[in-house]
Amino acid sequence: MHNFDLTLDRLTKVEGSASLEVRVRDGRVEHVHFKITEYKRFFTQAMQGKPPVALPQLLSRICGTCSNAHLLCSIESCERALGISPSEQSKILKALTMYGLMIRDHALHLYLFALPDLFDKDSFLEFDETDPVQRQLLHDGFAIKAAGNFLAKLIAGRSVHAPYPTVGGFTHVPEKEGIREAIQKLNDVRPAVLRLAKIFEEAPFRFDRKTNFMALVSEGDRYGFLEGCINTGQGECIPEQYYREHLEQVVLPYSQASAYRHEGGAYMVGALSRMNLAKDKLHPRTKDSLGATLDHFPSTNVFHNNLAQAIEILHSIDDTLDILSSRTFVQEPPIKKEPHEAVGIGVIEAPRGTLYHKIEVGRDGLVKRGEIVVPTGQNQINIEEDIRGLVEELLPETPKEKIIFEIEKLIRAYDPCMSCAAHFLKVDWLQQ
Amino acid sequence: MTEIMNDHWEEWKKLLDFRHARVLKSKNVLDELDIAFVEGAIASEEQEQQLREIRKKTKKLVAVGACAVVGMPAAQRNYFNEEQKREIEFLVARFAALPKVLKVADVVTVDAQVPGCPMDPDNFLKVLGEVLGEFQTQKA
C-alpha cells in the first residue's frame with residue numbers, strides 16, 4: 001500500500017457539504033485537500049448598498065445552525081460603525097442569547113454527530129431504547145437541545161434567525177413566567193450535561209499535534225463569548241480592531257472557502273482553544289462540579305474539543321441560572337443613530353470559534369464593503385495538517401476503509417460548518 | 001428539522017425510516033423513497049441532476065425552507081448589478097456554477113412546500129401529517 005489515492009465524496013454528520021482527497025506516494029502523504037463544496041452565496045456582495053440596520057437579519061442567513069452568532073456579530077459591527085454603545089441590559093441579553101445557542105448547538109454536535117462513533121452506531125436514532133444507558137442518552141440529548149431552544153426563544157424570540165436582537169438593543173425583554181420555566185428546564189438537564197462530560201472525558205479517541213490555539217478571551221473574570229481581545233496563544237492579546245493584520249488569507253483553488261494562517265502557521269479556533277486559554281474564568285459552580293476533569297486542559301488532543309463543548313454547555317447553564325435568578329428586565333427602546341462614514345468591526349466567539357464581521361459605511365450611510373471571516377475557514381489548514389499527521393501515523397498497516405473512518409471522526413471532532421465557510425468572495429481590504 | 005425532533009423523536013423513531021440524511025447518518029441509501037424533503041437552492045448542474053434523481057426515486061417531494069422554495073438568499077446573485085457580476089464571474093466559472101441560482105420547483109415537480117426562513121415548525125408538522133396521511137389512506 002505504498003501508493004494510493006483516498007477520496008471521500010461527501011462527509012456525513014457535519015454541517016453542510018465537504019469532500020476530501022488524500023494522495024499517498026511511496027508511503028508518504030503527498031497532499032491533503034479538504035474541499036468545502038457548498039456553493040458560494042456571495043453575501044459580501046449582497047451587503048453592498050444596504051443600510052447597516054438591514055444587515056444583521058440578512059447575514060444571520062449565512063447559517064441555519066449558528067444563525068444567532070452571525071446575528072450578534074453583525075449587530076456588533078453595525079453598532080461600532082454607528083457609534084452605539086449598547087446598554088448594560090442589552091449586553092446581558094446578548095450573553096444569554098449566546099448561552100442559548102451554545103447549549104443547543106454543542107448538544108446537537110455532541111449527541112447527533114459525535115456520540116454515534118463512540119457507540120459504534122451509524123446514527124443517534126439507532127441508539128437502543130431497551131438499553132438503559134443508550135435510552136438515557138437519547139432522552140438527555142433531546143432534552144438539553146430543547147432547553148437551549150427554550151432559552152433562545154425566551155431571550156431572543158427564536159433559536160434560529162432570532163427577531164428580538166437588533167442594532168441598538170432588544171425589542172422585547174423576557175417575562176417572569178418564562179424566566180421561571182427556563183430556570184426549571186435548565187436545572188432539570190444539568191445532571192444530563194454532567195453525564196455527557198463524563199462520556200467525553202472517558203472517550204478512548206485521541207489525536208495529538210502541537211498547534212496554536214486562538215480565541216477571543218474576556219478581559220474580565222467570566223468566561224464569555226462576546227467581549228475581550230484576541231488571544232493568539234503566544235502571549236499576545238490583539239485588540240479586536242486590529243484583527244485583520246494578524247490573519248493571512250490563503251486561497252485554496254480546490255475549496256469554495258478561504259483559509260487563514262497566523263504568522264505563517266496554522267491555528268485552531270473553537271471550544272478547545274477557548275478552554276485551553278480561559279478555563280480559569282469558568283463559572284465557579286461549573287468548576288466545582290467538574291473538579292479534576294478541568295485538569296485535561298490545556299490539551300493538544302483534538303478530541304478534547306468535544307469535552308470542551310460539553311463543559312461550555314455546563315458553564316452556559318450555570319451562568320444563565322445565576323443571571324436569570326438574580327435580575328429583572330425592563331423594556332428599553334433600542335438606541336438609534338444616523339449612519340455616517342465609518343468602519344465597524346464585530347468579533348465574537350461562535351460555537352465553532354472566532355467569528356469576524358467588518359463593514360465599511362460610505363458617506364451616503366450605505367454599506368460600501370464588508371468582510372466576514374468564519375471559524376471553519378480558520379481551521380481549514382489545521383484540519384488538513386492533522387489529517388496528514390493522522391494518515392502518516394496509520395500507514396502502512398491500516399486498511400483504507402479504517403483510515404477513511406478515522407479521518408472522518410477527526411474532522412467531526414472539529415465540528416466544522418461548511419455552510420458558513422462558503423459564503424463570500426475574497427476581499428482585498430485596504431488598510432484603514 | 002433536528003430541532004423539531006426534540007419533541008417528536010420518539011414518535012419518528014417508530015414511524016419513519018430515514019433512508020438518506022447525511023446530517024444524521026453515514027450509511028445512506030438512495031433507493032425507493034416515499035417522501036423526500038429537499039432543502040437548499042440549486043446552484044450547479046450536478047445539484048440539478050441529483051435533484052432529478054431524487055424526484056425519480058420518490059413518491060412525494062416536499063421543498064422545505066426559503067432556499068428551496070424561492071431560491072433565496074443564494075439567488076441574490078441573480079440580481080447583482082453588472083459590476084458585482086464581473087467581480088464574481090471567475091468563481092462562478094471555477095466551480096461550474098449555474099449562471100442563475102434556481103429554486104427546487106424550477107427543476108422538478110414539487111408536491112408540497114414549507115416556506116419561510118426559518119421554516120415554521122407547525123407548518124412542517126402539518127405538511128408531514130398530510131403526506132403521511134395520504135400513504136395511510138392508500139394502505140387502508
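Mentor: Let's start with a rule we will need: two residues count as being in contact if their C-beta atoms, placed from the backbone, lie within 7 Å. Keep in mind as well that this is a predicted model.

Trainee: Happy to. Leaving aside neighbours within four places in sequence, which residues is A:Val193 in contact with?

Mentor: Once those sequence neighbours are set aside, A:Val193 has contacts with A:Ile144, A:Ala310, A:Ile313, A:Leu314 and A:Ile317.

Trainee: And how do I read a nonpolar core from contacts like these? Which residues touch the most other members of the largest one?

Mentor: The general idea is that buried nonpolar residues are joined through C-beta atoms within 7 Å. Here the largest core holds 128 residues, and those touching the most other members are A:Ile103, A:Leu151, A:Val193, A:Ala197, A:Ala310, A:Ile313 and A:Ile348. Helix α4 (residues 88-118) of chain A supplies the largest share of this core, 16 residues. There is also a second, separate core of 26 residues, with B:Val38, B:Ala41, B:Val108 and B:Val127 among its members.

Trainee: Now the sheets, please. What is the strand order in the sheet that holds β1 of chain A?

Mentor: To read a sheet, ask which strands pair, and in what direction. In chain A, the order β1-β2-β3 describes an open sheet of three strands with antiparallel pairing. Strands β1 (4-8) and β3 (28-36) of chain A each have a single partner strand, so each is an edge with one side left without a neighbour in the sheet. From one strand to the next, the twist averages 10°.

Trainee: How many bridges join β2 to β3 in chain A?

Mentor: Eight bridges link strand β2 (residues 18-25) of chain A with β3(A), and the two run antiparallel. As one example of the register, A:Ala18 stands opposite A:Ile36 in β3(A).

Trainee: Which helices pack on this sheet?

Mentor: Helix α10 (residues 375-394) of chain A touches β2 and β3 of chain A, its direction making about 145° with that of β3(A). Helix α11 (residues 400-414) of chain A touches β1 and β2 of chain A, at about 45° to the direction of β1(A).

Trainee: Let me try the sheet β7-β8-β9 of chain A. Why is one side of β7 and of β9 left without a neighbour?

Mentor: Because β7 (215-217) and β9 (237-238) of chain A stand at the edges, each with a single partner strand. This open sheet also pairs antiparallel. Three bridges join β7(A) to β8 (residues 229-231) of chain A, and A:Val217 stands opposite A:Cys229 in β8(A). Helix α7 (residues 271-278) of chain A packs on the sheet, touching β7 and β8 of chain A, and its direction makes about 40° with that of β7(A).

Technical notes
Residues numbered from 1 in each chain as written. Chains lettered and ligands numbered in written order. Predicted model: local features only at pLDDT ≥ 70, side-chain atom pairs only at ≥ 80, totals over all residues. Pairing = 2+ DSSP bridges. Helix = DSSP H or I, 4+ residues; strand = E, 2+ residues; numbered from the N terminus. Axes fitted to C-alpha atoms, helices over the stretch in contact; angles between N-to-C directions. Buried ≥ 20, exposed ≤ 12 C-beta atoms within 10 Å, placed from the backbone.
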